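Reader: I would like to go through this model and ask what supports each label. Please set the values against the cut-offs.

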Amino acid sequence: MEEIYSRLGVSPAVYQYGEAVLHTLRERFAAIDRTAEYNQGKVLLSMQENRVNATHFAATTGYGYDDEGRDNLERVYAGVFHTESALVRPQITCGTHALTVALSANLLPGDELLSPVGAPYDTLEEVIGIRKSKCSLKEYGVTYAQADLQADGSFDYDAIRAAINGRTKLITIQRSKGYATRPSFSVAQIGELIAFCKAVKPDVKVMVDNCYGEFVETQEPSDLGADMVVGSLIKNPGGGLAPIGGYICGTKACVERCAYRLSAPGLGQEVGANLGLMPAFYQGLFLAPTVVAGALKGAVFAAGIYEGLGFPCIPTAAEDRHDIIQAVTLGSREAMLAFCCGIQAAAPVDSYVTPEPWAMPGYDSDVVMAAGAFVQGSSIELSADGPIRPPYAVYFQGGLTWYHAKLGILMSLQKLTEAGLAKLPG
Ligand SMILES: *Cc1c(COP(=O)(O)O)cnc(C)c1O
């Protein structure tokens, strides 16, 4: 084993440190496997109940009327997320697009959007109009209110109650930390927050940005009262096979509006050819619980490795996981770049290139990204990224297989030690 790792570029000392860390994580890995087993059952059950068969994999083009493969995939998603309805489409280009569709379909001029969990994900700032942007919700007369989290990361219920008013139409809850160093929320915590908001205002709608959270637990926010859960197919639920797409699962009333917003009033869910992507969407969903388990093991392993060397990790190796993201605070631009170089060097694709920071659209500081993915930008594949700003934290996620995630983390450490930016114990 050491020989193959050494040919891949990992020194025996780094490999052995990794094995020692791994030894302490056995119980965590067993728990991750149990969640994956349950979620595999959940996906299979929905596929069986919806009688998935080979005709559902046929390609459609043009308008895509009567696309039974697409319509049945949406029933399968609704079955997995326990919702009345679902919109799962290659025409939804990414997670930000899915969230934009969900928000703009369900907010009208004069309505207010509330985030009770502090600032939303970077790209949503322009969608909402927190940062000035053409076609933002703000331009259409939708206002935005925010209740920040308390210093310890918990919900500020007094501030939330005070922020809910007669115009509050939709509440947006982001499950994953995104590019922040707050903790991610468990489904149970999100359920409590939803119950609180609906007790204050029974007719308020709740949308959960579910990006990176799918299949991490056995329940989803839609099991605990969310009207919509929204995410990207090039993250968890695409299982690494979906080459594009997004989903919105929720109540019939909310999802129907989303379909009209995505296509056109009057057309809704009836149009939208599947372009031959159904095999990837179905099979990706089938694999997703296992792929997410591999990514979670990688995240726990990364925390174990870097905590042991004195770098702050969110979450820690011992903490419960609510998403597949691992934040490691490296403290300097150089260390961020070295970490990302290691992830890149471990990739099956583009392993020979060097990641460079760039001004990515939608983000307000330079971002460095390492990924050598089969699907461009896919972050269920092994990837690391982060905005180049204090506290210089990298966000590590993905890995279609646990073994690849493991190699990536060992390579990142290899690069840091070679640059003198980290020192192995002993
Ligand atoms: C990735 C992500 C998004 C946006 O998704 P894109 O596909 O990159 O547009 C939104 N919210 C969260 C929490 C995310 O992790």
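Author: Strands here are DSSP runs of E with at least two residues, numbered from the N terminus. The model is a predicted one. Ser383 lies in strand 11, which covers residues 383–387.

Reader: Why is Ser383 called buried?

Author: Buried means under 20% relative accessible area. Ser383 has 3%, so Ser383 counts as buried.

Reader: Which residues is Ser383 in contact with, beyond its neighbours within four places in sequence?

Author: Ser383 is in contact with Ile343, Ala370, Ala371, Ser378, Tyr395, Phe396 and Gln397.

Reader: What makes the pair of Ser383 and Glu381 a polar contact?

Author: The cut-off for a pair of N or O atoms is 3.5 Å, and one must be able to donate a hydrogen and the other to accept it. A polar atom of the Ser383 side chain lies 3.0 Å from the backbone oxygen of Glu381, so the pair falls within the cut-off.

Reader: How do you know whether Ile171 is buried or exposed?

Author: The relative accessibility of Ile171 is 0%, so Ile171 is buried by the under 20% rule. Ile171 sits in strand 4, residues 168–174.

Reader: Which residue lies 35 residues from Ile171 along the chain, and what separates their C-alpha atoms?

Author: That residue is Val206, and the C-alpha atoms are separated by 4.7 Å. Val206 is also among the residues that Ile171 touches, including Leu114, Pro116, Ile164 and Cys197, when residues up to four places away in sequence are not counted.

Reader: Where does the largest nonpolar core lie, and why?

Author: Domain 1 (2–40 + 286–418) and domain 2 (59–275) both give residues to this core, so the core lies between them. The core has 107 residues, and Tyr77, Ile173, Phe301, Ile305, Tyr306 and Phe339 touch the most other members. Helix 10, residues 278–307, gives the largest share, with 16 residues.

Reader: What does Ile305 contact, leaving aside its neighbours within four places in sequence?

Author: Ile305 is in contact with Tyr17, Gly18, Val21, Ile409, Leu410 and Leu413. A second core of 24 residues is separate, and includes Val101, Ala102, Ile128 and Met207.

Reader: How many residues of domain 1 and domain 2 are in contact?

Author: In domain 1, 37 residues are in contact with 33 residues of domain 2. The centres of domain 1 and domain 2, taken over C-alpha atoms, are 27 Å apart.

Reader: What makes Ser232 a buried residue?

Author: Its relative accessible area is 2%, and buried means under 20%, so Ser232 qualifies. Ser232 is in strand 6, residues 228–232. The side chain of Ser232 reaches the backbone nitrogen of Ile234 at 3.1 Å. Not counting residues up to four places away in sequence, Ser232 touches Gly95, Cys211, Pro237, Gly245, Gly246 and Tyr247.

Reader: Which residues are around the ligand?

Author: Ser232 is one of them, and the others include Cys94, Gly95, Thr96, Tyr121, Asp209 and Lys235.

Reader: What makes the pairs of the ligand with Gly95, Asp209 and Lys235 polar contacts?

Author: A backbone N or O atom of Gly95 is 2.7 Å from a ligand oxygen atom. An N or O atom in the Asp209 side chain is 2.6 Å from a ligand nitrogen atom. A polar side-chain atom of Lys235 is 3.0 Å from a ligand oxygen atom. These distances are within 3.5 Å, so the pairs count as polar contacts. Taken alone, the ligand exposes 380 Å², and the protein buries 90% of that.

Notes: Residues are numbered from 1 along each chain as its sequence is written. This is a predicted model: local features need pLDDT of at least 70, side-chain atom pairs count only at pLDDT 80 or more; totals for chains, interfaces and linings use all residues. Side-chain values use heavy atoms; hydrogens and water are left out. A nonpolar core is a set of buried Ala, Val, Leu, Ile, Met, Phe, Trp, Tyr and Cys residues joined through side-chain atoms within 4.5 Å. Buried means under 20% relative accessible area, exposed over 50%, partly exposed in between (1.4 Å probe, protein chains only). Helices (H or I, at least four residues) and strands (E, at least two) are DSSP runs, numbered from the N terminus. Domain bounds come from an automatic or database domain assignment. Contact means heavy atoms within 4.5 Å. A residue is near a molecule or strand if one of its heavy atoms lies within 4 Å of it. Accessible areas come from the Shrake-Rupley method with a 1.4 Å probe; for residues, only the protein chains shown count as cover.
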